[in-house]
Amino acid sequence: MPRRLALAASIAILAPASSLAQGLEDRIAGLFLAYEREDIGGFLRQVDPTFAGSDRSGNAHRAADLPRALADDFAILDRVRFEATVGRLRIEEDGRTAWAPVRWSRRALVEIGGAEWIVRAHRSVLVLVRGPSGDWRLAGLHGDPLFALAGFSGRILATEGDLDGEPIRKPVELDRFGR
């Protein structure tokens with residue numbers, strides 16, 4: 001029987017009660033909280049060196065790309081806040097790999113100009129692996145763009161959601177110089 005556990009004001013997890021699931025819960029909450037706090041080092045400490053992620057926006061990042069992508073995200077966006085629910089965790093029999101489906105919404109201010117960007121009802125899958133010390137680390141991210149939004153150009157392409165209360169009808173390019 002799954003249990004519902006509030007991890008932070010805006011994060012809840014549905015997971016079976018086990019020590020493996022508890023470690024996953026802690027890691028997933030830590031990723032969201034580090035991102036909200038704009039803590040690049042704290043976020044990266046939770047990422048496996050084998051990380052490879054691709055999302056629907058066309059971004060494809062490796063672990064080496066994340067410091068730049070996160071720095072760009074935080075130069076462009078401010079006061080990022082998530083509401084997220086993690087569905088039933090799937091853990092491999094050997095306990096080394098797990099998949100966490102996440103439904104989420106994000107609210108953020110664009111650093112230059114202060115426009116509010118809200119994205120609702122998105123879905124992503126976090127892939128986590130157990131490191132040599134037994135802790136879970138983010139090894140993959142797929143689905144809707146969740147973290148590391150900026151592409152290699154250093155820009156975020158906002159293709160959906162609302163910008164200052166108006167639906168985004170045409171893609172809007174956000175960068176550290178405004179939009």
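These exercises walk through one predicted protein model, each with a worked solution.

Residues are numbered from 1 along each chain as its sequence is written. In this predicted model, local features need pLDDT of at least 70, side-chain atom pairs count only at pLDDT 80 or more, and totals for chains, interfaces and linings use all residues, while side-chain values use heavy atoms, with hydrogens and water left out.

**Exercise 1. The whole chain**

Task: Describe the protein chain by its helices and strands, its buried share and its contacts.

Solution.
- Step 1. Take the helices (DSSP runs of H or I, at least four residues) and the strands (runs of E, at least two), numbered from the N terminus. The protein chain has three helices and 13 strands.
- Step 2. Apply the burial cut-offs: buried is under 20% relative accessible area, exposed is over 50%, and partly exposed is in between, with a 1.4 Å probe and protein chains only. Of the 179 residues, 49% count as buried.
- Step 3. Contact means heavy atoms within 4.5 Å. Look at contacts between residues at least 6 apart in sequence: 58% of them join residues at least 24 apart.
- Step 4. Turn to the surface, computed by the Shrake-Rupley method with a 1.4 Å probe. The chain exposes about 8,900 Å², and carbon and sulfur atoms supply 51% of that area.

**Exercise 2. Helix 1**

Task: Check the span of helix 1, residues 19-36, against its expected value.

Solution.
- Step 1. The expected span is 1.5 Å times one less than the number of residues.
- Step 2. Helix 1 has 18 residues, so it should span 26 Å.
- Step 3. Its end C-alpha atoms are 26 Å apart, which agrees.
- Step 4. Now find buried residues in helix 1: among them are Leu24, Ile28, Leu31, Phe32 and Tyr35.

**Exercise 3. The nonpolar core**

Task: Find which parts of the chain build the largest nonpolar core.

Solution.
- Step 1. A nonpolar core is a set of buried Ala, Val, Leu, Ile, Met, Phe, Trp, Tyr and Cys residues joined through side-chain atoms within 4.5 Å.
- Step 2. The largest one has 46 residues. Tyr35, Phe43, Leu77, Trp117, Leu126 and Phe147 have the most contacts inside it.
- Step 3. Several elements each supply at least two residues of this core, including helix 1, helix 3 (66-76), strand 5 (77-86) and strand 8 (116-130).
- Step 4. Helix 1 gives the most, with seven residues.
- Step 5. Zoom in on Leu126. Leaving aside neighbours within four places in sequence, its contacts include Ile28, Leu31, Trp99, Val102 and Leu138.

**Exercise 4. Rings and charges**

Task: Trace the aromatic pairs of Phe82 with Trp104 and with Phe147.

Solution.
- Step 1. Rings of Phe, Tyr and Trp (its six-membered ring) pair if their centres lie within 6.5 Å; planes under 30 degrees apart are stacked, over 60 edge-to-face, and the rest tilted. The whole structure holds nine aromatic pairs.
- Step 2. Phe82 and Trp104 are edge-to-face, at 6.2 Å centre to centre and 75° between the planes. Phe82 is in strand 5 and Trp104 in strand 7, so the pair ties together parts 22 residues apart in sequence. Both residues are buried.
- Step 3. Phe82 and Phe147 are also edge-to-face, at 5.8 Å and 75°. Phe147 lies in the loop between strand 9 and strand 10, so this pair ties together parts 65 residues apart in sequence.
- Step 4. Ring pairs link Phe32, Tyr35, Phe43, Phe74, Phe82, Trp104 and Phe147 into a cluster.
- Step 5. Add the charges. A charge sits over a ring if NZ of Lys or CZ of Arg is within 6 Å of the ring centre and within 35 degrees of the ring normal. Arg90 sits over Trp99, 4.1 Å from the ring centre. Arg130 sits over Trp136, 5.6 Å from the ring centre.

**Exercise 5. Positive phi**

Task: Where do Glu38 and Asp164 lie?

Solution.
- Step 1. Most residues other than glycine have a negative phi.
- Step 2. Glu38 has a positive phi near 60°. Glu38 is in the loop between helix 1 and helix 2 (40-44). Its relative accessible area is 29%, so it is partly exposed.
- Step 3. Asp164 has a positive phi of about 55°. Asp164 is in the loop between strand 11 (162-163) and strand 12 (166-167). With 47% relative accessible area, Asp164 is partly exposed.
- Step 4. Return to Glu38 and bring in Phe74 of helix 3. Their C-alpha atoms are separated by 6.3 Å, though the two are 36 residues apart along the chain. Phe74 touches Glu38, and also Tyr35, Asp39, Ile40 and Glu111, not counting residues up to four places away in sequence.
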